[in-house]
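User: I'd like a close look at one charged stretch of this predicted model. Could you walk me through who pairs with whom there, and then how the surroundings look?

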Amino acid sequence: MMFGLGMQAQAIFDGIEKLCSKRDELNRQIQQEEEEKGRLQHDIHVLTEKLRRVNESLARRHSVRADFDHTIGETEGAFMKILESCQTLLSVIKKEAGNLGKATEPGRKDH
């Protein structure tokens, strides 16, 4: 009976050692995953900060582009008004030149 008890105790001891070994392996895996989690959280923090800076830069650039668009629109509008004024002035000059040309023709008397 003692011999059987010794074998049972050894089997229990072996079983406990196997469980301890599996727990140690699990602890090692947990440690590795915790380290990976830390690296990933750091990477997320770094990328989030980069994303924030890029978004701020984009917002500034969009604002500047809107200013450019506004200035270009106003400048084009002013230029079109200048062209229209030039066309009007040119028409007036041609008309007046024609009238003056008729008034200076020899033999013409308007007075």
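Analyst: Arg53 and Glu49 form a salt bridge, with their closest N and O atoms 3.5 Å apart. Both sit in helix α1, and because they are 4 residues apart there, about one helical turn separates them. Keep in mind that this is a predicted model, so treat the distances as computed from it.

Glu49 has another partner too: Arg52 forms a salt bridge with Glu49, and here the closest N and O atoms are 2.3 Å apart. The spacing along the chain is 3 residues this time, again about one turn of helix α1, where Arg52 and Glu49 both lie. With a cut-off of 4 Å between a side-chain nitrogen of Lys or Arg and a carboxyl oxygen of Asp or Glu, the 3.5 Å contact of Arg53 with Glu49 and the 2.3 Å contact of Arg52 with Glu49 each make the list.

Arg52 doesn't stop at Glu49. The side chains of Arg52 and Glu56 also meet in a salt bridge, at 2.5 Å from N to O. These two are 4 residues apart in helix α1, so about one helical turn lies between them. Put the pairs together and you get a network of salt bridges linking Glu49, Arg52, Arg53 and Glu56. As for the background chemistry, side chains of opposite charge can pair when their charged atoms come close. Over the whole structure, the count comes to 5 salt bridges.

How covered are the members of this network? Arg53 is partly exposed, at 42% relative accessible area. Arg52 is partly exposed as well, with 37% relative accessibility. On the acidic side, Glu56 has a relative accessible area of 38%, which makes it partly exposed, and Glu49 is partly exposed at 27%. Buried would mean under 20% and exposed over 50%, so the 27% of Glu49 puts that residue in the class in between.

Now the helix around them. Helix α1 covers residues 2-103, and Glu56 lies in it. For a sense of scale, take Glu56 and Leu89: they are 33 residues apart in sequence, and their C-alpha atoms are 49 Å apart in space. UniProt, in an unreviewed entry, lists residues 16-50 as "coiled-coil region". In the model that span is 100% helix and 0% strand, with its end C-alpha atoms 50 Å apart.

Further along the chain, the chemistry changes. Val64, Phe68 and Ile72 make a nonpolar surface patch of about 280 Å². Ile72 has its place in helix α1, and this residue is partly exposed, with a relative accessible area of 43%.

One last thing, on the cysteines: the structure holds 0 disulfides. Cys20 counts as partly exposed, at 30% relative accessibility, and Cys86 is partly exposed too, with 42% relative accessible area.

So, back to the part you asked about: it's a salt-bridge network of Glu49, Arg52, Arg53 and Glu56, in which Glu49 pairs with Arg53 and with Arg52, while Arg52 also pairs with Glu56.

Terms used:
Residues numbered from 1 in each chain as written. Predicted model: local features only at pLDDT ≥ 70, side-chain atom pairs only at ≥ 80, totals over all residues. Heavy atoms only, no water. Disulfide = S-S within 2.5 Å. Buried < 20%, exposed > 50% of the residue type's maximum accessible area, 1.4 Å probe, protein only. Patch = residues over 30% accessible without salt bridge, like charges linked within 9 Å, V, L, I, M, F, W, Y side chains within 5 Å. Areas by Shrake-Rupley, 256 points an atom, 1.4 Å probe, with all protein chains shown as cover. UniProt positions renumbered as here; feature names shortened; annotations may be inferred.
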